Amino acid sequence: MTGKKDADALPSADRIKRLYTSLVAQIDGGHWKGAEKTCDKILRINPADADARQTKLFIYLQKDEYRKALELIDEDMPENTDLKLKLFEKVYALYRLKREAEAEVILEEIKNKEVTEVNEEEERGVLHLEAQLKYRQGKYQAAYDLYQQLLDTAEPSSEEYHDIQTNLLAAQTYLDFMNSGYLQSIDEALAANSIDAGSKDIEDLPPPTIPSNIVTLSATPSTSVPAKEKKKVRVKRVPKDVVPGVTPPPDPERWIKKSQRSNRPVHGKKSKGRTTGATQGFTTEIPTPSVAGGASGGTVSGGKGRKKK
């Protein structure tokens, strides 16, 4: 708190000087966000500080915040020629926002020097920007001439020289394509069409012939199922020597074990006197006893016979 009070107690000029020292360090380190805040602090102390406004505009351009840059340029400024922002930055922001028509109008004003005088460095910047604008608009010849002018006046060992060479080569490539490759191809295509057509009108040409198979298909539309969708019906297999409706059906218990079937055969002594093969609801009659020898007792048929002693 004490340090802040001491800083506020300093004269405005000293505070601005300290802020500019911090601003330079922040710009050198690429700390754009902190540099923008420092510019705002300077402008709060002195809203008419042209250097702070110009630095803030530079920061916006470095951060690709072109809309904010235009707002800063277009906002109302005190009527003082020293505080007018350079229009070159406005042209560059409009160019990056793809508002070429507006950029071209202001660029002509700068070239005519009706608004402000420009030095040699600014003049080269205007030429660079004009060449890029012409290139984007498809005016490759004008862009090529401007790049050639810049190349003739640039230092061969500078980075600008190599950048101009790259842009010049791009413009030259488009010019070669438009002047030789593209136009020649168009001329050849037009010449070939004119030779083929001759003096005949399209109405005089005979109608194209249609293959007979296409006519047949279109005249008689097929309602049958395509070959891929047809399914072959499988014929049921009938055993040999079997006549359907005549031959008796097979035994329904043929799948059950023989020992569990209702009509299984009976063998052995144990099976004597035992009724087998009976199903539910089947009854047997009890045989009537036969009397032999009058009052003498006899044996009942169906049971085990015992010899009378």
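Start by selecting Thr55, which sits in helix α4, residues 50–62. The model on screen is predicted. With a relative accessible area of 17%, Thr55 is buried, because the cut-off for that class is under 20%. Show the side chain of Thr55 and follow it to the backbone oxygen of Asp51, which it reaches at 2.6 Å. Next, add Leu23, Ile27 and Cys39 to the selection: Thr55 touches these residues, leaving aside those up to four places away in sequence.

Now turn to the charged side chains. Searching the whole structure gives 10 salt bridges. The following stops cover some of them.

Select Lys90 and Asp74. These two residues form a salt bridge, and their closest N and O atoms lie 3.0 Å apart. Lys90 belongs to helix α6 (residues 87–96) and Asp74 to helix α5 (residues 66–74), so this pair ties together parts 16 residues apart in sequence. Switch on the surface at Asp74: its relative accessibility is 46%, which counts as partly exposed.

Move on to Glu100 and Arg136. Their side chains meet in a salt bridge, at 3.2 Å from N to O. Glu100 is in helix α7 (residues 100–112), while Arg136 is in helix α8 (residues 120–136); the pair therefore ties together parts that are 36 residues apart in sequence. Which class does each partner fall into, buried or partly exposed? Glu100 counts as buried, at 18% relative accessibility. Arg136 is partly exposed, its relative accessible area being 34%.

Stay with these helices and select Lys134 and Glu104. Here too there is a salt bridge, with the closest N and O atoms 3.6 Å apart. Lys134 lies in helix α8 and Glu104 in helix α7, so the pair ties together parts 30 residues apart in sequence. In this pair the lysine, Lys134, is buried, with a relative accessible area of 13%. Its partner Glu104 counts as partly exposed at 23% relative accessibility. With both pairs displayed, helices α7 and α8 are joined by Glu100 with Arg136 and by Glu104 with Lys134.

For the last stop, select Glu36, Lys63, Glu65 and Lys68 together. Which kind of interaction links these four residues? They are connected in a network of salt bridges.

Methods
Residues numbered from 1 in each chain as written. Predicted model: local features only at pLDDT ≥ 70, side-chain atom pairs only at ≥ 80, totals over all residues. Heavy atoms only, no water. Helix = DSSP H or I, 4+ residues; strand = E, 2+ residues; numbered from the N terminus. Buried < 20%, exposed > 50% of the residue type's maximum accessible area, 1.4 Å probe, protein only. Polar contact = N/O pair within 3.5 Å; in protein donor to acceptor, adjacent residues only side chain to side chain. Contact = heavy atoms within 4.5 Å.
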